[in-house]
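Work through the exercises below with the sequence and the 3D view open. Try each task before reading its solution.

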Amino acid sequence: MSTQPTLELQDRVAVVTGGSRGIGQAIARRLAEAGATVVIGDLNEPSDPVGHRSISCAHLDVAAEDSVETFIAQVVATHGNLDIVVNNAGIMFEEPVVGHSTDRWARALAVNLTGPFLMVKHASEHLAARQGTIVNLGSIEGYACNPNHAAYAATKGGIHGLTKALAVDLGPMGIRCNAVAPGWIDTELNASYVDSHPEREKIVEALARLHPVGRIGDPADVANVVAWLASPRSGFVTGQVITIDGGRTARPSLPDVLW
Ligand code: NDP
């Protein structure tokens with residue numbers, strides 16, 4: 001008689017914000033493969049929620065508190081529990097800091113930083129009942145900043161700080177909170193940089209050379225670490241920001257001629 005192996009996230013319920021594409025979609029898939037029931041919350045609800053029977057999708061605007069409250073309540077009403085919150089939804093745009101639009105600044109904060117705060121505010125009571133975990137999407141731009149990314153970098157630095165604050169405040173309730181700080185990952189978020197460039201192939205090659213591992217990241221590279229942070233295997237890890245960048249930030253830049 002064959003017995004099915006118990007999957008790592010069996011009987012866990014996870015929510016992934018902004019999971020209808022890119023990194024969030026890869027995370028949703030990875031968590032589902034590990035046995036979790038996953039609900040994607042996104043502005044767009046794809047008709048085929050990522051092609052896995054344990055993944056469903058519901059409307060969510062992380063920047064609107066009533067939307068967050070309704071989303072969390074619906075997940076708990078439908079699935080009975082909530083164990084894992086992945087705060088992945090994020091936006092990025094280029095704008096010089098001088099003359100920066102105040103509306104766009106406010107929108108970046110609302111989606112990238114207030115959104116995760118609202119999710120945790122409404123989910124923590126449920127997470128506490130289940131020794132739950134939170135994983136936030138930070139960025140290497142929370143450590144250092146590309147030109148014209150003031151709003152984005154400020155929100156990602158904020159996420160790194162919020163992650164530590166949540167680990168400290170929610171630890172006594174049995175909730176762990178960590179973040180990942182991805183480097184350049186191949187998604188729609190940054191594809192426009194590459195695609196709009198007349199010498200696209202040169203850019204792709206130059207980007208790969210920035211990384212000691214010789215390539216840019218894939219959404220699955222991030223999803224694998226998020227799944228570990230969401231699982232009991234990382235049970236003594238909290239308040240950490242784990243960099244996933246193929247070694248890019250481990251190497252200080254040198255003039256091209258020297259290497
Ligand atoms: P994408 O732009 O590909 O996907 C982001 C998703 O979030 C989209 O589905 C988007 O919906 C959704 N979203 C945006 N605003 C909201 C909102 N208010 N409420 C709910 N959902 C929303 O991004 P990535 O997959 O590349 O990035 C995911 C996360 O990883 C982000 O937090 C990003 O900052 C971070 N990150 C990404 C890196 C990269 O190189 N790609 C590097 C470092 C960090 P819609 O389609 O409607 O906009």
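The exercises below concern a predicted model and move from the ligand to single residues and the cysteines.

**Exercise 1. The ligand shell**

Task: Find which residues come nearest to the ligand, and sort the shell by residue class.

Solution:
- Step 1. Collect the shell. There are 29 residues around the ligand.
- Step 2. Pick out the nearest. These are R21, N44, N88, Y152 and T187.
- Step 3. Sort by class. The shell holds 13 nonpolar, 11 polar and five charged residues.
- Step 4. Look for helices. At least two shell residues come from each of α1 (22-33), α3 (102-128), α4 (150-170) and α5 (188-195).

**Exercise 2. Backbone atoms facing the ligand**

Task: How far from the ligand's polar atoms are the backbone N or O atoms of I23 and L60? Add G183, then state how much of the ligand is covered.

Solution:
- Step 1. Start at I23. One of its backbone N or O atoms is 2.8 Å from a ligand oxygen.
- Step 2. Go to L60. Here the partner is a ligand nitrogen, and the distance to a backbone N or O atom is 3.4 Å.
- Step 3. Add G183. A polar backbone atom of G183 sits 3.2 Å from a ligand oxygen.
- Step 4. Turn to area. On its own the ligand has 900 Å² of accessible area, and the protein covers 93% of it.

**Exercise 3. D42 and its surroundings**

Task: Place D42, decide whether D42 is buried or exposed, and list its polar partners.

Solution:
- Step 1. Locate the residue. D42 belongs to strand β2 (residues 37-42).
- Step 2. Classify it. The relative accessible area of D42 is 10%, so D42 is buried, the cut-off being under 20%.
- Step 3. List contacts beyond four places in sequence. D42 touches G18, G19, S20, A58, H59 and L60.
- Step 4. Find the side-chain pair. The side chains of D42 and S20 form a polar contact at 2.9 Å.
- Step 5. Check the backbone. A polar side-chain atom of D42 is 3.2 Å from the backbone nitrogen of N44.

**Exercise 4. Two residues in one loop**

Task: Which of the terms buried and exposed applies to H100, and which to V98?

Solution:
- Step 1. Place both. H100 is in the loop between β4 (84-87) and α3. V98 is in the loop between β4 and α3 as well.
- Step 2. Classify H100. Its relative accessibility is 15%, so H100 counts as buried.
- Step 3. Classify V98. Its relative accessibility is 74%, so V98 counts as exposed.
- Step 4. Note what H100 touches. Beyond four places in sequence, the contacts are F93, E95, W105 and A151.
- Step 5. Compare sequence with space for V98. N148 is 50 residues away along the chain, and the C-alpha atoms are 9.4 Å apart.

**Exercise 5. V226 in its helix**

Task: Where does V226 lie, and what does V226 contact?

Solution:
- Step 1. Locate it. V226 is part of helix α7 (residues 219-230).
- Step 2. Classify it. V226 has a relative accessible area of 0%, so V226 is buried.
- Step 3. List the contacts, leaving out neighbours within four places. They are I27, V86, V135 and V180.

**Exercise 6. Cysteines**

Task: How many disulfides does the model have? Are C57 and C177 buried or exposed?

Solution:
- Step 1. Apply the cut-off. A disulfide needs two cysteine sulfur atoms within 2.5 Å.
- Step 2. Count. The result is zero disulfides.
- Step 3. Classify C57. Its relative accessibility is 17%, so C57 counts as buried.
- Step 4. Classify C177. Its relative accessible area is 0%, so C177 is buried.

Definitions and conventions:
Residues are numbered from 1 along each chain as its sequence is written. This is a predicted model: local features need pLDDT of at least 70, side-chain atom pairs count only at pLDDT 80 or more; totals for chains, interfaces and linings use all residues. Side-chain values use heavy atoms; hydrogens and water are left out. Buried means under 20% relative accessible area, exposed over 50%, partly exposed in between (1.4 Å probe, protein chains only). A residue is near a molecule or strand if one of its heavy atoms lies within 4 Å of it. A polar contact is a pair of N or O atoms within 3.5 Å; within protein, one must be able to donate a hydrogen and the other to accept it, and residues adjacent in sequence count only if both atoms are side-chain atoms. Accessible areas come from the Shrake-Rupley method with a 1.4 Å probe; for residues, only the protein chains shown count as cover. Helices (H or I, at least four residues) and strands (E, at least two) are DSSP runs, numbered from the N terminus. Ala, Val, Leu, Ile, Met, Phe, Trp, Tyr, Cys and Pro count as nonpolar, Asp, Glu, Lys and Arg as charged, and the others, Gly among them, as polar. Contact means heavy atoms within 4.5 Å.
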